[in-house]
Amino acid sequence: MVAERTPRVPEAKRIQIALRKQIVEGERTPGTPLVERSIGEEFGVSRLPVRQAIQGLVAEQLVVPGGARSPATVRGFDDEELDALSVVHATLERLVIRWAAMRRTAEQVEVLGTFVPEAPSDGRVDAGAVRRAVLGFRDYLFVMADSPVLDELNQLVGARVTQVISHALDPAVAGHYLAALHKAIAIGDAELAETILGDYIAPAKFDSVKQG
């Protein structure tokens, strides 16, 4: 029996995925320059796949293209864009939370709970770990919702929405938010889950991703 080979991911795509993750999780904040040479050194590749990866991120609207002598930068958002994204975010999150609560299984609830970070014993919050937990929690909600329509909407706007979520969240309270949301979904109380979402998400939360 011949073992199946795992398809090799092109270098440009691999770098695009890695850079997208860094942007969404807040490692590369709005306005941060994406210098091709330094990124190439970081990933051990030439500048060509880096340039292709950045072009892909420009197409995703996560990055602003550079000029002849200036590098591309991580995108920020103006007031109008933030207003629109905050509405899209609130609407999409309410839908996926409602569907997840209605379609949950005991096994899925257990898996969802693994994304809820434990309270640190020393009181110090690992912001990066909390961001990863929030985004992992959100991704699994879409698995639980099992809705092709919601998946399609998330593919269209998910990268920009998660970038905003990552930069706007307060790591100090995000863990409590996930814990409360998990409990509401576990008992199938969609209305309570939506109330928790509404209490946590407010327009002021998005100020940190405004363009400078």
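Helices are taken as DSSP runs of H or I with at least four residues, and strands as runs of E with at least two. On this basis, the protein chain of the predicted model contains nine helices and three strands. Their order along the sequence is α-β-α-α-β-β-α-α-α-α-α-α.

The protein chain comprises 212 residues, of which 43% are buried. Its accessible surface amounts to about 11900 Å², and carbon and sulfur atoms contribute 54% of that area. Among the contacts with a separation of 6 or more, 78% are made by residues 24 or more positions apart.

Charged side chains were examined next. Side chains of opposite charge can pair when their charged atoms come close. The model contains seven salt bridges, including the pairs described below.

One of these salt bridges joins the side chains of Glu11 and Arg14, with an N to O distance of 2.6 Å. Both residues belong to helix 1, which spans residues 11–24, and they are three residues apart, about one turn of the helix. Glu11 has a relative accessible area of 27% and is therefore partly exposed, since the partly exposed class lies between the limits of 20% and 50%. Arg14 is likewise classed as partly exposed, at 34% relative accessibility.

Helix 1 also contributes Arg20, which lies in that helix and forms a salt bridge with Glu60, the closest N and O atoms being 2.9 Å apart. Glu60 is located in the loop between helix 3 (47–59) and strand 2 (63–64), so this pair ties together parts that are 40 residues apart in sequence. The relative accessibility of Arg20 is 22%, and the residue counts as partly exposed.

A further salt bridge is formed by Glu36 and Arg51, whose closest N and O atoms are 3.0 Å apart. Glu36 lies in helix 2 (residues 36–43) and Arg51 in helix 3, so the pair ties together parts that are 15 residues apart in sequence. The two partners fall into separate accessibility classes: Glu36 is buried, at 17% relative accessibility, whereas Arg51 is partly exposed, with a relative accessible area of 34%. The assignment of Glu36 follows because buried means under 20% relative accessible area. Glu36 and Arg51 are also joined with Arg47 in one network, through salt bridges that share partners.

Terms used:
Residues numbered from 1 in each chain as written. Predicted model: local features only at pLDDT ≥ 70, side-chain atom pairs only at ≥ 80, totals over all residues. Heavy atoms only, no water. Buried < 20%, exposed > 50% of the residue type's maximum accessible area, 1.4 Å probe, protein only. Contact = heavy atoms within 4.5 Å. Areas by Shrake-Rupley, 256 points an atom, 1.4 Å probe, with all protein chains shown as cover. Salt bridge = Lys/Arg side-chain N within 4 Å of Asp/Glu carboxyl O.
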